[in-house]
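Reader: I would like a close look at a single part of this model, the metal site. Please take the coordination step by step, and then say what lies elsewhere in the chain.

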Amino acid sequence: MKLTYLGQSAFVMEFNGYNLVFDPMITPNPLASSISLDTLKPNYILLSHGHEDHVADAELLAKANNATIISNYEIVSWYESKGLKGHPMNIGGKRKFDFGTVKYVAATHSSMLPDGSYGGASGGFVIWDEKKCFYFAGDTSLTYDMKLIPMICPALDFAILPIGDNFTMGYEDAVYAADFIQCDKIIGCHYDTFGYIKIDHQAAINEFKNAGKELILLNIGASIEL
Ligand code: NI
Ligand code: MN
């Protein structure tokens, strides 16, 4: 499967012939000006929570591609009221889709939609098929609930964790998160987009290296085969 970084927490993943777009905030992000929304062609758009830096382009992308939005009940209802397609979930639930199984897991964070509507509880996604399993944490602190993931999901091949601090866990805590989820291959997100979350890349990479783990920081627009 191929994962492409689109800046902040936005990714597109080619998974079993489907394009899964995560937390698209591309057009408002000056760092992601090289990314054109037209190239993304999502079948599904997965939203961890309702904050603007995760949903800014969701409506446009869903409309243009007739994509299905997967998120919590409150967020999906909000998009359905705009005439878009959605599949509602809530924390702890899993569901088999045509591309694979999705489990919507706990995150410790807040959530609100761009117009101030209630955004339900923030979550993350664990996604798997017979061969691969990965975790997209969304915005979250380090939380003991992460220890449940290896108990209730297949073994993780990699995980996408926030590392920018201030609004989420920083990279030091993310090393503990990687321990909790029993995963040594981490792709960082939610850093550098604005002042509060600018990080020292080398320090972050070293922090993981010293713990015997790998932190991958993709350039915006870069892809990795996983
Ligand atoms: Ni947030
Ligand atoms: Mn955020």
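Author: In this predicted model, the nickel ion (ligand 1) is coordinated by His-49 through NE2, His-51 through ND1, His-109 through NE2 and Asp-139 through OD, at 2.2 to 2.3 Å. Along the sequence, these donor residues follow the spacing H-x1-H-x57-H-x29-D.

The angles at the nickel ion (ligand 1) come next. Its 4 donor atoms subtend 88 to 176 degrees, so the arrangement is irregular. A tetrahedral label would need all angles to lie between 85 and 135 degrees, and the range here extends to 176 degrees.

Asp-139 also has a second role, as a bridge between the nickel ion (ligand 1) and the manganese ion (ligand 2). The two ions lie 3.1 Å apart.

Two of the histidines can be described by their accessibility. His-49 has a relative accessibility of 0% and therefore counts as buried. His-51 has 19%, and because buried means under 20%, His-51 counts as buried too.

Elsewhere, helix H5 spans residues 171-180, and its buried residues are Tyr-171, Ala-174, Val-175, Ala-177, Ala-178 and Phe-180. They pack against helix H4 (149-152), strand S11 (158-162), strand S12 (185-189) and helix H6 (201-210). Just after H5, Gln-182 takes a positive phi of about 55 degrees.

Helix H4, one of those packing partners, contains Ile-152. With a relative accessible area of 45%, Ile-152 is partly exposed. Together with Leu-148 and Met-151, Ile-152 makes a nonpolar surface patch of about 310 Å².

Definitions and conventions: Residues numbered from 1 in each chain as written. Chains lettered and ligands numbered in written order. Predicted model: local features only at pLDDT ≥ 70, side-chain atom pairs only at ≥ 80, totals over all residues. Heavy atoms only, no water. Donors = N, O, S within 2.8 Å, 3.2 Å for Na, K, Ca; no water. Tetrahedral: all angles 85-135°; square planar, octahedral: opposite > 155°, others 65-115°. Buried < 20%, exposed > 50% of the residue type's maximum accessible area, 1.4 Å probe, protein only. Helix = DSSP H or I, 4+ residues; strand = E, 2+ residues; numbered from the N terminus. Contact = heavy atoms within 4.5 Å. Patch = residues over 30% accessible without salt bridge, like charges linked within 9 Å, V, L, I, M, F, W, Y side chains within 5 Å. Areas by Shrake-Rupley, 256 points an atom, 1.4 Å probe, with all protein chains shown as cover. Salt bridge = Lys/Arg side-chain N within 4 Å of Asp/Glu carboxyl O.
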